[in-house]
4 protein chains.
Amino acid sequence: MKPVCLVVGAGAGIGGTTGKRFAAEGYHSVLCRRSDQEGLNTLVADIQADGNDATGFLFNVTNEGAIETLIATVEKDIGPIEVVIFNLGAQIGDRDLSDTSYKAFERCWHIATFSLFRTASVVCPLMVARGNSSIIVTSATAAVRGNAGQHAHASAMGGRRMLCQSLSAEFGPKGLHIAHVIVDGAVDAPDTLGKMLGEERFKTLRETRGLEHDGLILPEKVADTYLHLAKQHRSTWTHELDIRSFTDLAWWNH
Amino acid sequence: MKPVCLVVGAGAGIGGTTGKRFAAEGYHSVLCRRSDQEGLNTLVADIQADGNDATGFLFNVTNEGAIETLIATVEKDIGPIEVVIFNLGAQIGDRDLSDTSYKAFERCWHIATFSLFRTASVVCPLMVARGNSSIIVTSATAAVRGNAGQHAHASAMGGRRMLCQSLSAEFGPKGLHIAHVIVDGAVDAPDTLGKMLGEERFKTLRETRGLEHDGLILPEKVADTYLHLAKQHRSTWTHELDIRSFTDLAWWNH
Amino acid sequence: MKPVCLVVGAGAGIGGTTGKRFAAEGYHSVLCRRSDQEGLNTLVADIQADGNDATGFLFNVTNEGAIETLIATVEKDIGPIEVVIFNLGAQIGDRDLSDTSYKAFERCWHIATFSLFRTASVVCPLMVARGNSSIIVTSATAAVRGNAGQHAHASAMGGRRMLCQSLSAEFGPKGLHIAHVIVDGAVDAPDTLGKMLGEERFKTLRETRGLEHDGLILPEKVADTYLHLAKQHRSTWTHELDIRSFTDLAWWNH
Amino acid sequence: MKPVCLVVGAGAGIGGTTGKRFAAEGYHSVLCRRSDQEGLNTLVADIQADGNDATGFLFNVTNEGAIETLIATVEKDIGPIEVVIFNLGAQIGDRDLSDTSYKAFERCWHIATFSLFRTASVVCPLMVARGNSSIIVTSATAAVRGNAGQHAHASAMGGRRMLCQSLSAEFGPKGLHIAHVIVDGAVDAPDTLGKMLGEERFKTLRETRGLEHDGLILPEKVADTYLHLAKQHRSTWTHELDIRSFTDLAWWNH
């Protein structure tokens, strides 16, 4: 039975691409996302076409018991979860305080912070018992600095980062590698950036900054680093690293 | 009509003491806390005995509309809120992940992060319209580093810190001073530390580290710094500072 | 005999103004600077005209023994140094790596880092023996983030910041308050900003952003905060804080 | 002609091991260290025995022109430097301020900060002209927090970190990848930790925390991460990461 790489938040960007990469390395990739059954099917079929293993689930992480049930199902029917790629984004765009509803603020936290806590609550005991496991958390610039228009996103991601540190402090010495990855720039991903910008603007951005300019972060290159993190020897673990295109200034410079 | 200093979280520690201090400086201090009508009455009476103005409210910040109604009442009946001392703590003690319930995690966030967001949502527009206002937020070591046993507290305080930064980025240029104070050590406060430790251990701690040893942070000295922050000229604002006893190592050293 | 406030780097900006402020509070202010005897005389005369005490020294901190001799002289002839305002700047302007000579890089470190180390080496033992003393260090954005053109300045200020932390870790528990102040913005100071920009541009900047706009940090307001730091009770010390005009974004936002 | 991996500070720990690893990947590894011709010969012979290329140089980085001449020689006689592993340590042990001489403080800075600046001054123009190059800098906990006894080390490493940020800001957009690696724990290295502790204590430490306990950072595992950094695609660069054994708490937790 193959070990499982559970990707929470598996769109056609970092999540799906990382799932594909881990599948190629011998994991059974379980891809979970909120919507778009067709897109999910495409990702799974793409992995299977390479002769590798993948299963897809649609689920709404904010539903009571959703992630807990999913993990139980995976563990029972597919295999032991050895790696979690926690990749749920919670960017709701630039919004002034007056445009940030209580509901949006709470929802952002629910997705970015609380759902990681719920996932960890269920999966950490399993991982500790088995050893040799990793939780790799995609995070954002907003986790390390608040900015105008980012009230919901920054506070949720700041919560996510501190949670990663507290989880690492408890579970690191028990053999569970928790890594917090600050994705500090725009990712060349149709399911997130593409949807936020709209088709036309995304196309223009790719042509002016992306593609051969390498000015957008490439999901398959992020997957390289995620794989490296998952394979780091326990004598030499990285808890936090940043990622950006060479064309971008670091968050502390703009 | 005196300007109001609204203290959200006014026990017999930093909150109550700061309220007293601002009242002595000419503010009408409005003290809010969750429970202990008697303790609240004592704080209010103590301020009034000095010939200064104070009003007390019991309220549960997690109740829907509670803080919003309170602010409306204060603005209508008492005066314009010029300073908010946001002093709600959310320390639930050291708890392993397995001992941190979903409910506790959510409640911690509700108090530490969401209630600040709600307060800011209501009070910032009022303050911007009037100018010359401050929100001073008591925070904790857990806002800058996660630690074992601090899953709920660290993620909630990390969210609080990033929220303070995003609020400051939006409202600073509009004349609203937002300060995030990292209280990095034990405070000599019967209503928080005292209750957490129990009477005996608190007494022992005060005798061995507190009192003339000055090894516990004194609320009235914190009030000095809060007052300084509230009075800083807008050409020279501090957004973040740390506070600890000289006997304590900084959080980055232990 | 009055206690001494030793200002290392006392031009007509934060240094001189803080010296004046501490003199008004009962200190004998000793103002040291590298050049401009006339400017120094003016500062001293200005303080004395208020009936307060000040003495001025010209000295070159990079000369061997210069700061050591100065401290010995002050202690012998004027009084015990209770407060050091360490205010030497080392901004050499934006310079590409290719325009940053070895000599400039070393000189920057000598002024910003090594001279603080030398000062501390001499003054800390004296202060520990007497208790109740402070070293307040003016620092810069460059201490917390490197930027293009800031190779010499950032590495020197980064060294200064870490030195303040190591000094605080050793001497804090011995009763010596060390504070690191991140001045995160332009200061309305003719001797530094004025000289860097030239008379015309400085005049324009003051008219468009400074003066009643309060968009430049005012030295006399910085002096308020320095005085507050020096007076903080030892149960409640601040090690680090930032300062900027309300019109400016924090360094982490640009 | 093979591209060169220049290892500045190549003892039998991270430096030598990384040099060996890059040689196995097709680089000509140039190993430089201050002393121990025999140890250096062993490292070089070990690499050559695998059929890979290496050259060793003894040099004293603090000598005027030493690193500059070395780089010129390498570029002329061996090949174009594509990767620099800057691995000079500057830990002088725990020393109170009174035990930290001016000379030791200056020497520490010279090795940790100034020699990186000198190296970068010479090598960056060459790298920019050729593109596709990396400077990977080994750094230490002391780069991010000062501690008692670490006056020289922390201020030098803090300077190193800020220099890496300023170099990255200038040269990143020009295609030069600069990475700052915070080695946050003890490394299983006879030439550094071994010499600091002495043979007996090092042996005991290895037996109780190292070896199969994986409680010491293994140089060959660090080399994996350095290689990963050097191979990261320019759309997805990491500037900073931390490394520690799973048994160790992160620096922010102790």
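**Two interfaces of chain C**

Modeller: In this predicted model, 34 residues of chain B are in contact with 34 residues of chain C.

Biologist: Which residues of chain B supply the most area against chain C?

Modeller: Arg234(B), Ser235(B) and Phe246(B) supply 24% of the area that chain B buries against chain C, more than any other three residues. The area buried between the two chains is about 2900 Å², and carbon and sulfur atoms give 55% of that area.

Biologist: Why is the pair Arg234(C) and Asp214(B) called a salt bridge?

Modeller: The term requires a side-chain nitrogen of Lys or Arg within 4 Å of a carboxyl oxygen of Asp or Glu. The side chains of Arg234(C) and Asp214(B) meet at 2.7 Å, N to O; the pair therefore satisfies the cut-off. Across the interface of chain B and chain C, the rule finds two salt bridges.

Biologist: Which element of chain B gives the most to the side that touches chain C?

Modeller: That element is α8(B), with five residues. The residues of this side divide into twelve nonpolar, 14 polar and eight charged.

Biologist: How many salt bridges are counted between chain C and chain D?

Modeller: The count there is zero. The rule does find ten residue pairs in polar contact across the interface of chain C and chain D, with both residues at pLDDT 80 or more. The elements that give two or more residues to the side of chain C that touches chain D are α4 (102-130) and α5 of chain C. Helix α5(C) gives the most, with 13 residues. The residues of this side of chain C divide into 19 nonpolar, 13 polar and six charged.

Biologist: How do you know whether helix α5 of chain C reaches the expected span?

Modeller: Helix α5 (residues 151-171) of chain C has 21 residues, and the span expected at 1.5 Å a residue is 30 Å. From its first C-alpha to its last, the helix reaches 30 Å, close to that expected value.

Biologist: What makes α5(C) largely enclosed by the rest of the structure?

Modeller: Of the 21 residues of α5(C), 21 are buried, so the helix is largely enclosed by the rest of the structure.

Biologist: Why does His177(C) count as buried?

Modeller: Buried means under 20% relative accessible area. His177(C) has 3% relative accessibility, so this residue counts as buried. His177(C) lies in strand β6 (residues 176-183) of chain C. Leaving aside neighbours within four places in sequence, the residues in contact with His177(C) include Ser133(C), Leu229(C) and Trp237(C).

Terms used:
Residues are numbered from 1 along each chain as its sequence is written. Chains are lettered from A and ligands numbered from 1 in the order in which they are written. This is a predicted model: local features need pLDDT of at least 70, side-chain atom pairs count only at pLDDT 80 or more; totals for chains, interfaces and linings use all residues. Side-chain values use heavy atoms; hydrogens and water are left out. Helices (H or I, at least four residues) and strands (E, at least two) are DSSP runs, numbered from the N terminus. The expected span of a helix is 1.5 Å times one less than its number of residues. Buried means under 20% relative accessible area, exposed over 50%, partly exposed in between (1.4 Å probe, protein chains only). Contact means heavy atoms within 4.5 Å. Buried area is the accessible area (1.4 Å probe) that two parts lose on being put together, summed over both. Ala, Val, Leu, Ile, Met, Phe, Trp, Tyr, Cys and Pro count as nonpolar, Asp, Glu, Lys and Arg as charged, and the others, Gly among them, as polar. A polar contact is a pair of N or O atoms within 3.5 Å; within protein, one must be able to donate a hydrogen and the other to accept it, and residues adjacent in sequence count only if both atoms are side-chain atoms.
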